Amino acid sequence: MKQSLIHVAIVVDDYDDALAFYLDKLKFELIEDTYQPEQDKRWVVIAPPGSQGMTLLLAKASKPEQQNFIGNQAGGRVFLFLSTDDFWRDYKRMMAEGITFVRGPQEQDYGTVAVFEDLYGNLWDLLELNPDHPMANRRM
């Protein structure tokens, strides 16, 4: 049997504000942006540049109770992990773009990592794994 995760939904307040952040500041690529009239919503899928793996589905909060989860989908824990082939290149570029890092770069046994927040406050790891780490050979 072969299975894979293809999308992770992230609740956002506004499609276009989210796209501006992820495309312009994080340099993600737009995979799809399709209006679905029967549900009056958009199917918006983005991915990191060069990624062949999982994508993010930007899901606009459509009910009042969903608003409470914008920026807090993981209860204040790191929610998403952005793997890179060059930590310092991406860290410097993201700093120049005004991305807020809540924990600075650290060298760990598994690689180099720093924690940043997206425009809503969700926490992300920017991570370059050491070449000998078991996850390092997984497709990015």
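The salt bridges of a predicted model are described below. Residues are numbered from 1 along each chain as its sequence is written, and side-chain values use heavy atoms, with hydrogens and water left out. Because the model is predicted, local features need pLDDT of at least 70 and side-chain atom pairs count only at pLDDT 80 or more, whereas totals for chains, interfaces and linings use all residues.

Five salt bridges are present in the structure, a salt bridge being a side-chain nitrogen of Lys or Arg within 4 Å of a carboxyl oxygen of Asp or Glu. Among them is the pair formed by Asp16 and Arg42, with the closest N and O atoms 3.2 Å apart. Asp16 lies in helix 1 (residues 15–25) and Arg42 in strand 3 (residues 41–47), so this salt bridge ties together parts that are 26 residues apart in sequence. Helices (H or I, at least four residues) and strands (E, at least two) are DSSP runs, numbered from the N terminus.

Arg42 also meets the side chain of Asp33 in a salt bridge, at 2.6 Å from N to O. Asp16, Asp33 and Arg42 are thus linked in a network of salt bridges. Asp16 is partly exposed, with a relative accessible area of 47%, and Asp33 is likewise partly exposed, at 34%; buried denotes under 20% relative accessible area, exposed over 50%, and partly exposed the range in between (1.4 Å probe, protein chains only).

A further salt bridge joins Glu97 to Lys27, the closest N and O atoms being 3.4 Å apart. This pair links distant parts of the chain, 70 residues apart: Glu97 is in the loop between helix 3 (87–96) and strand 6 (100–108), and Lys27 in the loop between helix 1 and strand 2 (29–36). Glu97 is partly exposed, with a relative accessible area of 25%, and Lys27 is partly exposed, with 36%.
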